[in-house]
Amino acid sequence: MIKIARSWPVGSPLASNTVPGMRSALDTPQGAAELAESLLSQLGNRWLHTQAVAARAQEAAAAVPQADRDLLVAAAWLHDIGYAPEVRDTGFHPLDGARHLERLGAPARLVRLVAHHSGAAYDAEQRGLSAEPAVHEREDSPVLDALIFADMTTGPAGQSFDFGVRIDEFLVRCEPGSEAHTAISKARPYLGAAVDRTQRRIAAVTSLPPSQRAVIDGSGWWPPTLFAVEHQDAELLARLLDAGADPDEGNGAPPPDARAGHGR
Ligand SMILES: [Fe+2]
């Protein structure tokens, strides 16, 4: 039997908000892409990077519960809007982006994901801003992991990079001893663990035939190992574990019935 380890929120209990003049809510891929394009499309490589991170997040969507897949892709579109001149305030882009989304009435989970994307707390500590991201509680979840994966495997001009290459490339651009250099060096184990967890989730889910994935998605159980345990399917469980699934993951998550009514 899999033992209880941790749980995380599935789906947002908060209403989706649509910004006047936009067709879709900010926590949908369409709405997020519209806002990102309006803020970043003139910023050259930043826009190329953003589009590639969103595409990478879409590819990694199997690593999060079905109810959270739109939120993941929306967060990927919006994670770097704090670099936009109209949004820049403190100069710390995760915080500036999160505050802008709050002003627009974005759902709280989306705000928190942007505030904490890619180890922002490590950067904040170096800048003496530790109290700022802490205002937004960090959700340690498959969604944040997958957002880190998408950002940390995409280069500054949208290149597809392995995690190690991405970090090394970043360090080369920073002055040794600088705030950014120190922050990314300290964050490296945290970021690498999130990337690894996401890759294991993707490997486990994609080891299954599409029809079985659809059944599991439709069941509301997450991760698929819990579905296997609940349905006493030893063959499925063995297959998932062979493919890399974490046997401790997701235990303690409520059953699908208990989550009813918490969808977006
Ligand atoms: Fe980024």
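In helix H5, the residues Arg109, Leu110, Val111, Arg112, Leu113, Val114 and Ala115 are buried. Seven of the eight residues of H5 are thus buried, so this helix is largely enclosed by the rest of the structure. The model in which H5 is found is a predicted one, and the account below starts from this helix and proceeds to its surroundings.

The setting is an all-helical chain, for the protein has 14 helices and zero strands. Read from the N terminus, its elements run α-α-α-α-α-α-α-α-α-α-α-α-α-α. The chain comprises 264 residues, of which 42% count as buried. When contacts between residues at least 6 apart in sequence are considered, 64% of them join residues at least 24 apart. As to confidence, the chain has a mean pLDDT of 88, and 85% of its residues reach 70 or more. Over residues 1–15, however, pLDDT stays under 50. For that N-terminal stretch the model has 42 contacts beyond four places in sequence.

One of the partners of H5 is helix H3. H3 spans residues 69–78 and H5 spans residues 108–115; the two pack at an angle of about 50°, and their axes are 10 Å apart. Because the angles counted as oblique include those between 35 and 65 degrees, H3 is oblique to H5. The crossing of these two helices is right-handed. On the side of H3, the contact is made by Leu71, Ala74, Ala75 and Leu78, and on the side of H5 by Arg109, Leu110, Leu113 and Val114. Sorted by class, the contact between H3 and H5 contains seven nonpolar residues, no polar residues and one charged residue. The spacing of such contact residues may be read against the geometry of the helix. An α-helix has 3.6 residues a turn, so residues three or four places apart point the same way. Each of the H5 residues in this contact, Arg109, Leu110, Leu113 and Val114, is also listed among the buried residues of that helix.

Beyond the C-terminal end of H5, the chain enters the loop between H5 and H6, where Ser118 lies. Ser118 has a positive phi of about 50° although it is not a glycine. This residue is buried, because 22 other C-beta atoms lie within 10 Å and 20 or more suffice for that class.

The next loop, between helix H6 (120–126) and helix H7 (131–134), contains Gly128. Is Gly128 buried or exposed? Gly128 is exposed, with 9 other C-beta atoms within 10 Å. Its C-alpha atom is separated by 10.0 Å from that of Glu179, a residue 51 positions away along the chain.

Helix H8 leads back to H5 through Leu144. Leu144, which has its place in helix H8, is buried, with 23 other C-beta atoms within 10 Å. Apart from its neighbours within four places in sequence, Leu144 is in contact with Leu113, His116 and Glu139. Leu113 is one of the buried residues of H5. Leu144 and Val114 are 30 residues apart in sequence, and their C-alpha atoms are 9.2 Å apart in space.

H8 also packs with helix H2. The axes of H2 (residues 45–59) and H8 (residues 142–152) come within 8 Å and cross at roughly 135°. H2 and H8 are therefore oblique to each other, since only an angle over 145 degrees would count as roughly antiparallel. Their crossing is right-handed. In this contact, Val53, Arg56 and Ala57 of H2 meet Ala146, Leu147, Ala150 and Asp151 of H8. By class, the contact of H2 with H8 has five nonpolar, no polar and two charged residues.

Two features of the backbone remain to be described, towards the later part of the chain. The peptide bond from Trp222 to Pro223 is cis, with omega near -5°. Pro223 is placed in the loop between helix H11 (210–219) and helix H12 (224–230). The loop that follows H12, between that helix and helix H13 (234–243), holds Gln232. Phi of Gln232 is near 50°, a positive value in a residue other than glycine. With 8 other C-beta atoms within 10 Å, Gln232 is exposed, whereas Ser118, for which phi is likewise positive, is buried.

Definitions and conventions
Residues are numbered from 1 along each chain as its sequence is written. This is a predicted model: local features need pLDDT of at least 70, side-chain atom pairs count only at pLDDT 80 or more; totals for chains, interfaces and linings use all residues. Axes are lines fitted to C-alpha atoms, for helices over the stretch in contact, and angles run from 0 to 180 degrees between N-to-C directions. Helices (H or I, at least four residues) and strands (E, at least two) are DSSP runs, numbered from the N terminus. Angles under 35 degrees count as roughly parallel, over 145 as roughly antiparallel, 65 to 115 as roughly perpendicular and the rest as oblique. A crossing is left-handed if the near helix is turned anticlockwise from the far one by less than a right angle, and right-handed if clockwise. Two residues are in contact if their C-beta atoms, placed from the backbone, lie within 7 Å. Ala, Val, Leu, Ile, Met, Phe, Trp, Tyr, Cys and Pro count as nonpolar, Asp, Glu, Lys and Arg as charged, and the others, Gly among them, as polar. A residue is buried if 20 or more other C-beta atoms lie within 10 Å of its own, exposed if 12 or fewer, and partly exposed in between; C-beta atoms are placed from the backbone. pLDDT is the predictor's confidence in each residue, from 0 to 100.
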